[in-house]
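Got the viewer open? Turn on the cartoon view, keep the selection box handy, and let's walk through this one stop at a time.

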Amino acid sequence: MDKLKITASVGIDGENNPSDIKEVQAGLNQIIALIQPTNALVVDGSLGSQPETSKTVAAIKVFQQRLVRLTRPDGRIDVNGKSHNTLNRHLQPVKPETSSDQSISWMTTAFEEVGQAEIAGSKANPKILEYFKAARFWGTDDSGGQNAWCASFVAWVMKENGYVAVENAFRAKAWSNFGKKIDSPIYGAIGIKSRRGGGHVAFVVGQSSDGQHLFMLGGNQGDMVNVKKYPLSVWDSFVVPDDFNPEGIGLPIYNKPAEDAGRED
């Protein structure tokens with residue numbers, strides 16, 4: 001499923017057309033790892049005689065609490081509403097835009113992780129725990145400032161592509177010691193910046209048409225893996241692997257929707 005297509009609302013007090021319910025059930029199943037401990041739903045187009053007690057509505061509420069960040073989940077997905085749009089963002093991974101014929105394998109890996117997100121409370125997204133393991137971080141919970149995981153995400157991506165992570169790879173600023181520094185950002189470079197209480201690290205995917213902003217693919221950006229827009233001026237340094245030739249690699253204009261950068265803790 002590339003996109004959730006519904007014609008009317010699904011859930012509590014919704015129109016609940018069977019075809020729309022099936023779409024929602026299939027969509028939620030696709031992101032089931034992000035809404036644990038929810039079990040996979042039967043895609044049958046039914047909410048039963050009492051929708052408010054159905055497993056599908058229960059899954060919608062968990063999704064709304066953890067990924068939509070609603071303090072009072074209403075158990076309904078409205079056409080083009082916040083829940084609908086959020087689910088679509090998780091169902092549609094952003095595709096990489098390469099600016100050269102040179103293969104940048106780690107970017108393909110990074111883009112495949114778009115949509116991975118924290119699970120509120122003491123539970124943790126198993127994929128983020130994999131990121132922790134790659135960075136040799138001891139955390140068992142993916143939420144909270146003490147468990148910031150942007151650097152662990154970079155460590156996992158680079159290790160998946162055969163690179164050795166830096167020492168203390170779970171610390172964002174440690175990545176300034178990775179590979180070799182380059183003077184200007186290019187597609188696929190790792191950017192490092194400071195923030196209150198620490199640092200942040202992410203992959204460069206593009207620039208704004210005026211060259212004043214960068215679009216960065218990173219983990220723990222608003223508690224998930226996504227692309228965010230940052231002022232170019234906030235980035236302290238950019239690095240690439242030692243064996244990577246940056247010549248001829250440009251920085252494309254990024255035209256896809258992306259929110260301004262926010263929380264990174």
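Start by selecting Leu214 and Tyr230: Tyr230, in β7, is the bridge partner of Leu214. Before going on, know that you're looking at a predicted model, where local features need pLDDT of at least 70 and side-chain atom pairs count only at pLDDT 80 or more, while totals for chains, interfaces and linings use all residues. Residues are numbered from 1 along each chain as its sequence is written, and side-chain values use heavy atoms, with hydrogens and water left out.

**The sheet**

Now select β6 (residues 213-218) and β7 (residues 226-231). The two pair in the antiparallel sense over six bridges. Strands here are DSSP runs of E with at least two residues, helices are runs of H or I with at least four, and both are numbered from the N terminus. Two strands pair if DSSP finds at least two bridges between them. Strands of a sheet pair through backbone hydrogen bonds, either parallel or antiparallel.

How many residues of β6 are buried? Five of the six are, so the strand is largely enclosed by the rest of the structure. (Buried means under 20% relative accessible area, exposed over 50%, and partly exposed in between, with a 1.4 Å probe and protein chains only.)

Add β5 (198-207) to the selection. β5 and β6 run antiparallel, joined by four bridges, and Val204 stands opposite Met216 in β6. They make a hairpin with five residues between them, and Gly211 in the turn has a positive phi of about 75 degrees.

Zoom out to the whole open sheet: seven strands in the order β3-β8-β4-β5-β6-β7-β9, with mixed pairing. At the edges are β3 and β9 (259-260), each pairing on one side only. β7 and β9 pair in the parallel sense over two bridges, and there Lys228 stands opposite Glu259 in β9.

**The rings**

Next, show the aromatic side chains. There are 14 aromatic pairs in the structure. Pick Trp106 and Tyr163: their ring centres are 5.9 Å apart and their planes at 85 degrees, so this pair is edge-to-face. (Rings of Phe, Tyr and Trp, using the six-membered ring of Trp, pair if their centres lie within 6.5 Å; planes under 30 degrees apart count as stacked, over 60 as edge-to-face and the rest as tilted.) This pair links distant parts of the chain, 57 residues apart: Trp106 is in helix α4 (residues 105-112), and Tyr163 is in the loop between α6 and β3 (180-182). Trp106 is buried at 2% relative accessibility, and Tyr163 is buried at 18%.

Then try Trp175 and Phe178, a tilted pair with 5.1 Å centre to centre and 50 degrees between the planes. Trp175 is buried at 0% relative accessible area, and Phe178 is buried at 6%. Add Phe244 and you have a cluster: ring pairs link Trp106, Tyr163, Trp175, Phe178 and Phe244.

**A loop glycine**

Is Gly162 buried or exposed? Gly162, in the loop between α6 and β3, is exposed, with a relative accessible area of 66%. For a long ruler line, join its C-alpha to that of Lys22: they're separated by 40 Å and lie 140 residues apart along the chain.

**A covered helix**

Last stop: helix α3 (residues 82-91), mostly covered, with seven of its ten residues buried. Among them are His84, Leu87 and Leu91. What covers the buried residues includes α1 (18-30), α2 (55-68) and β2 (76-77).

Key. Contact = heavy atoms within 4.5 Å.
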